Amino acid sequence: MGSRVVVLGSGIAGHTAASFLRKWLGKEHQVIVVSPKSDYNWIPSNIWVGVGLLRADQVLFPLPPVYKRVGIDYRQAKAVAIHPEGAADEPSAFVDIEYTSADKAGQRERVAYDFLINATGPKLNFDATPGLGPDKFTVSVCTAEHAVQTAALLDEKVERMRKGERQKFLVGMGHGTCTCQGAAFEYIVNLEFELRHRGVREMADITYLSNEYELGDFGMGGLHLRQGGYVTPSKIFTESLFAERGIDWVTRAHVSKIEPGRVFIETLAGEEKELAFDMAMLLPPFRGAALSAFAKDGTDITARLFAPSGFMKVDADYAAKPYEQWRAADWPRTYQTEFKNVFAAGIAFAPPHPISVPRVSSKGTNITPAPPRTGMPSATIGKAVARSIVDMIHGAKEPTQTASMAEMGAACVASAGANPFTGTAASITVFPIVPDFEKYPEYGRDLNHTFGEIGLAGHWIKILLHHLFLHKARMRPLWSLIPE
Amino acid sequence: MTTPKTVTPLGRDEHWLTVTKPTAMTRFLRTFLLWQLVRFVVLNLKMLRIIAMGHHPKR
């Protein structure tokens, strides 16, 4: 009899896992994807939607036809609760889901599973900062819909500048514990490039606002690159890029409140300041999806399965310890939870601690970037988890694959202007993502594999990746040959 | 800003003076087609190498 694998979420980690499960498992096994949104969003390209260079339909496509074609069972629903031991009236493990599709909205169903992958990604926690978010006073590029709103507001601001009205743009982090600095970095340099392209750059004041201790931290504690005969910190690389483009910056900042046209910040030094803006693209901090867990007798075991942040606890070392005692080995390798048939992949797993040095302001506010879990590690983790599950279905007692962020590298191409001849992008490779100071005592990373360069070639790679990854996500011919 | 703001005689914040900026040659090479074709190949190879180091059979 076949097994049933349920994947919660259809983002980069969930969709990658489901795709490979379907490819590697025979048809006697069932793969079910549960996801509240029926469109796949290639999120890295939302940046270009947010500056008006792409339409939403160029970064989105409907998943149901793809899943139907390849034989993945799709439920447009959100997961509500996990019952890893079953329930009094149900002997096998199951997950409660609630439909979000128009025809079944609000209907609930129990979906039994043999293996479960939680790849629910982040909840965009705009509520963490009063006034933050597209339904309040700032814009975002976290979803394609948000990016479309952002592009519309940008058009309006450009019109004002054309009429001679100077505009202030603020781009960055909307809270002291945000992650995804790379996305804000990409947006601000693309915004600057686009304003130049539209002939209004001289009318714009552009400022980057971040919770990073130094520019170039990116939630990874920064990195070091070999350049021009020196080992250079990413701070130098990023500051140079901003200064060259006339972009100002404010670092070490927590956004405490936003009002129309005004952002209130607290800095690590304890200062309170106010920044004016006409358009602010500020990213929210992330939380785990609102999922509960229950034991067989109905006891709430949410706190056992999930960290307070809402992310799922996996095979990491979650013991609280000071920064000096953090180790690469703290990071999860197999993403298996305490229940052997439940895994978490991508942003949904709980990191053991940040990567950047934790810092608290003199007033006690935590101003520390959360660790990034971007596309490449998310997809790599999703694929590794899928392989482990396939092997366990075929008889392996334990997960067979590892994909620790302290043992894998990442390649990141950050667009810095989208034009096939005059555009550029920062191409960065880093190995490993989480520094390992036991293995690489000086910088925590292997400098033979950690590299950064700005140029047009990076932009070509960015365009290539956009098309390749959408081709892969659509599961078109030879999709599985495209690397993560 | 991470340091107290001071202003240069031309009115720019001091931190504009304390950062590394690319030379004209560096800027030229960033969009010089022949050089960028070479870099395109090199960057792809570097990224493929990182990808190959992604996940492993459990040891």
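This note goes through the predicted model point by point, beginning with chain B and its contact with chain A and then turning to salt bridges and single residues.

1. Chain B in outline. It helps to begin with chain B, which has two helices and one strand, and whose elements run α-α-β when they are read from the N terminus on. Of the 59 residues in chain B, 27% count as buried. The area that chain B exposes is about 4,200 Å², and carbon and sulfur atoms supply 69% of that area.

2. The contact between the two chains. Chain B brings 32 residues to the contact, while chain A brings 56 residues. About 3,700 Å² is buried between chain B and chain A, and carbon and sulfur atoms give 65% of this buried area. Across this interface there are eight residue pairs in polar contact, both residues of each pair being at pLDDT 80 or more. On the side of chain B that touches chain A, the elements that give two or more residues are helix H1 (24–30), helix H2 (33–52) and strand E1 (56–57) of chain B. Of these, H2(B) provides the largest share, with 13 residues. When the residues on this side of chain B are sorted by character, they divide into 14 nonpolar, nine polar and nine charged.

3. Charged pairs between the chains. Side chains of opposite charge can pair when their charged atoms come close. Between chain B and chain A the count is two salt bridges. A salt bridge is formed by Glu244(A) with Arg30(B), and the closest N and O atoms of this pair are 2.9 Å apart.

4. Ser240(A), a residue that meets chain B. Ser240(A) has its place in helix H6 of chain A, which covers residues 234–244. Is Ser240(A) buried or exposed? Its relative accessibility is 9%, and because the limit for a buried residue is under 20%, Ser240(A) counts as buried. If residues up to four places away in sequence are not counted, Ser240(A) touches Thr20(B), Lys21(B) and Pro22(B).

5. Salt bridges within single helices of chain A. Over all chains, the count comes to 34 salt bridges, and two examples show pairs that lie about one turn of a helix apart. The side chains of Glu159(A) and Arg162(A) meet in a salt bridge at 3.1 Å, N to O, and both residues lie in helix H4 (residues 144–162) of chain A, three residues apart. Glu159(A), at 38% relative accessibility, counts as partly exposed, and Arg162(A) also counts as partly exposed, at 47%. In helix H8 (residues 375–393) of chain A, Arg387(A) and Asp391(A) are four residues apart, and their side chains meet in a salt bridge at 3.0 Å, N to O. Arg387(A) counts as partly exposed, at 24% relative accessibility.

6. A salt bridge that joins two parts of chain A. Lys472(A) forms a salt bridge with Glu484(A), and the closest N and O atoms are 2.6 Å apart. Lys472(A) lies in helix H9 (residues 456–473) of chain A whereas Glu484(A) lies in the segment after H9, so the pair ties together parts that are 12 residues apart in sequence. Lys472(A) counts as buried at 9% relative accessibility, and Glu484(A) is buried as well, with a relative accessible area of 13%.

7. A network of charged residues. Salt bridges can also be linked to one another, and in chain A a network of them joins Lys257(A), Glu259(A), Arg262(A) and Glu274(A).

8. Two residues of helix H4 and their distant partners in sequence. Leu153(A) lies in helix H4 of chain A, and Glu145(A) is found in helix H4 as well. Leu153(A) and Gly50(A) are 103 residues apart in sequence, yet their C-alpha atoms are 9.3 Å apart in space. Leaving aside residues up to four places away in sequence, Leu153(A) touches Val139(A) and Met279(A). Glu145(A) and Asn46(A) are 99 residues apart along the chain, and 9.1 Å separates their C-alpha atoms. With a relative accessible area of 46%, Glu145(A) is partly exposed.

Technical notes:
Residues are numbered from 1 along each chain as its sequence is written. Chains are lettered from A and ligands numbered from 1 in the order in which they are written. This is a predicted model: local features need pLDDT of at least 70, side-chain atom pairs count only at pLDDT 80 or more; totals for chains, interfaces and linings use all residues. Side-chain values use heavy atoms; hydrogens and water are left out. A salt bridge is a side-chain nitrogen of Lys or Arg within 4 Å of a carboxyl oxygen of Asp or Glu. Buried means under 20% relative accessible area, exposed over 50%, partly exposed in between (1.4 Å probe, protein chains only). Contact means heavy atoms within 4.5 Å. Buried area is the accessible area (1.4 Å probe) that two parts lose on being put together, summed over both. A polar contact is a pair of N or O atoms within 3.5 Å; within protein, one must be able to donate a hydrogen and the other to accept it, and residues adjacent in sequence count only if both atoms are side-chain atoms. Ala, Val, Leu, Ile, Met, Phe, Trp, Tyr, Cys and Pro count as nonpolar, Asp, Glu, Lys and Arg as charged, and the others, Gly among them, as polar. Accessible areas come from the Shrake-Rupley method with a 1.4 Å probe; for residues, only the protein chains shown count as cover.
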